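Open the model in your viewer and keep the sequence panel visible. The tour goes from one selection to the next and says what to look for at each stop.

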2 protein chains.
Amino acid sequence: MITKNCVLTNQEIEDLLVKNGVPATLQRIAICKYVVCEANHPTAEQVFDWAKNNLQKISQATVYNTLGTLTEVGLIRAFRFPHSDKVVYDCNTQDHFHFFDEKTGQLVDVDSSSVKLNIDLPQNYKVHGFDLVFKGEIKN
Amino acid sequence: MITKNCVLTNQEIEDLLVKNGVPATLQRIAICKYVVCEANHPTAEQVFDWAKNNLQKISQATVYNTLGTLTEVGLIRAFRFPHSDKVVYDCNTQDHFHFFDEKTGQLVDVDSSSVKLNIDLPQNYKVHGFDLVFKGEIKN
DNA sequence: TTAAAGTTTAGAGTTATTCTAACTATAGAA
DNA sequence: TTCTATAGTTAGAATAACTCTAAACTTTAA
Ligand SMILES: [Mn+2]
Ligand SMILES: [Mn+2]
Ligand SMILES: [Zn+2]
Ligand SMILES: [Zn+2]
């Protein structure tokens, strides 16, 4: 139900990038490792903050470029949610939904298998997919 | 299933505003009438464009202020969708969902009665509500 | 009639993101 | 080993969607 991040070596991250046609650079390896293995639905700002503390030098443009590239090749996904105007990046590339804890601001993944949707739309509405975000609170 | 806009006189709009504690001004009556009776999920930009063409003088700030006020008192609702970074305003204040036509960019309302959702979340997840947007295409 | 209160306005400010153009690193070619 | 083309990174400027500010109107109500 709740998905967790993987643990990958730098070499494995490098291979992942190259396999997806993205030449591996120091910056890309670091950012990719962070979003794929460590972060939970980070914003570009959070990735940039992390990168500033973990690389000797990094520019905002590189963070945005890299997140864009990783999204393009499908290594991560980008989501825009109703409660914020910042894009969040997600290492979970499966179809899935989200639960937004209104108290903490935390986003957690909800597997699509835990949701069943019955829709009654006109015949001529062809549904290609849907975005679903729960809002609420996680107790305890 | 698909909701339509109402037809109201200026007087009725004025009453609606006053009843909701919003003193009626020329600008507010015009903007309120447009979003409540004419427009379909307009953005602030669209409301501003309409207002420029239909009032002798209007400022962007007034459009944003008025849309904010109307939203606060519950005469309209504000939505932020995954496909755009612009807020859209909605005269449909019932709980409902949306269908986004990926070809035309059009948004149409989907009554909540046409959707049945079965969720299987952990006990400690208290769901207060959810946002649901269908993406697809309306044929014909 | 007049002053307080509320409303509108132009323009400045903010935030998230994208663009630009210069700099840097690197992989072959020579 | 150079050289050089290509790709990647960078700082800072630009953009887009709002939001804020402070001055100018307008209305309200003594
Ligand atoms: Mn509507
Ligand atoms: Mn923005
Ligand atoms: Zn997710
Ligand atoms: Zn709607």
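## Stop 1: DNA strand C

Select B:R28 and DNA strand C: an N or O atom in the side chain of B:R28 is 2.4 Å from a phosphate oxygen of the strand. This is a predicted model, as are all the positions on this tour.

Add B:T62, where a polar side-chain atom lies 2.7 Å from a phosphate oxygen of DNA strand C. Then add B:Q27, which has a polar side-chain atom 3.1 Å from a sugar or linking oxygen of DNA strand C. Colour the elements that give two or more residues to the surface near this strand: α4 (60–72) of chain A, and α2 (26–38) and α4 (60–72) of chain B.

Now show the whole set of 16 residues around DNA strand C; A:K86, A:V87, B:T25, B:R28 and B:T62 come nearest. By class there are 6 nonpolar, 6 polar and 4 charged residues on this surface. On the DNA side, sugar or phosphate accounts for 81% of the atoms of DNA strand C within 4 Å of the protein, and bases for the rest.

## Stop 2: DNA strand D

Move to DNA strand D, which is surrounded by 15 residues, the closest being A:T25, A:R28, A:T62, B:Y64 and B:K86. Three side chains can be picked out here:

- A:Q27 has a side-chain N or O atom 3.0 Å from a phosphate oxygen of DNA strand D.
- B:K86 has a polar side-chain atom 3.1 Å from a phosphate oxygen of DNA strand D.
- B:Y64 has a side-chain N or O atom 3.2 Å from a sugar or linking oxygen of DNA strand D.

Which element gives the largest share of the surface near DNA strand D? Select α4(A), which supplies 3 residues. At least two residues each come from α2 (26–38) and α4 of chain A and from α4 of chain B. The surface divides into 6 nonpolar, 5 polar and 4 charged residues. Of the atoms of DNA strand D within 4 Å of the protein, 84% belong to sugar or phosphate, and the rest to bases.

## Stop 3: the metal site in chain B

Select the zinc ion (ligand 4). Its donors are B:H41 (NE2), B:D90 (OD), B:H96 (NE2), B:H98 (NE2) and B:D109 (OD), at 1.8 to 2.3 Å. Parts of the chain that are distant in sequence are linked here: B:H41 is in the loop between α2 and α3 (44–54) of chain B, and B:H96, 55 residues apart from it, is in strand β3 of chain B.

Are B:H41 and B:H96 buried or exposed? Residues under 20% relative accessible area count as buried. B:H41 has 8%, so it is buried; B:H96 has 7% and therefore counts as buried too.

Next, show the manganese ion (ligand 1). It lies 3.3 Å from the zinc ion (ligand 4), and B:D90 bridges the two.

## Stop 4: the zinc ion in chain A

Select the zinc ion (ligand 3), coordinated by A:H41 (NE2), A:D90 (OD), A:H96 (NE2), A:H98 (NE2) and A:D109 (OD) at 1.8 to 2.2 Å. In sequence these donors are spaced H-x48-D-x5-H-x1-H-x10-D. Both A:D90 and A:H96 are buried.

## Stop 5: the sheet across both chains

Switch to a cartoon view and trace the open sheet of 6 strands in the order β4(A)-β3(A)-β6(A)-β6(B)-β3(B)-β4(B), where the pairing is mixed. β4 of chain A and β4 (107–111) of chain B stand at the edges with a single partner strand each, so one side of each has no neighbour in the sheet. From one strand to the next the twist averages 30 degrees.

Start at the chain A edge. Strand β4 (residues 107–111) of chain A has 4 of its 5 residues buried, so the rest of the structure largely encloses it. It runs antiparallel to strand β3 (residues 96–101) of chain A, with 5 bridges between them. One bridge pair to select is A:F97 and A:V110. The hairpin of these two strands has 5 residues between them, and A:G105 there takes a positive phi near 80 degrees.

Continue to strand β6 (residues 125–138) of chain A, which pairs with β3(A) in the parallel sense over 4 bridges. Here A:F99 has A:F134 as its bridge partner.

Cross to chain B at β6(A) and β6(B), an antiparallel pair with 13 bridges. A:F130 is partnered by B:F134. End in chain B, where strand β3 (residues 96–101) and strand β6 (residues 125–138) pair in the parallel sense over 4 bridges, and B:F99 stands opposite B:F134.

Technical notes
Residues numbered from 1 in each chain as written. Chains lettered and ligands numbered in written order. Predicted model: local features only at pLDDT ≥ 70, side-chain atom pairs only at ≥ 80, totals over all residues. Heavy atoms only, no water. Buried < 20%, exposed > 50% of the residue type's maximum accessible area, 1.4 Å probe, protein only. Pairing = 2+ DSSP bridges. Axes fitted to C-alpha atoms, helices over the stretch in contact; angles between N-to-C directions. Donors = N, O, S within 2.8 Å, 3.2 Å for Na, K, Ca; no water. Near = heavy atom within 4 Å. Polar contact = N/O pair within 3.5 Å; in protein donor to acceptor, adjacent residues only side chain to side chain. Nonpolar A, V, L, I, M, F, W, Y, C, P; charged D, E, K, R; others polar.
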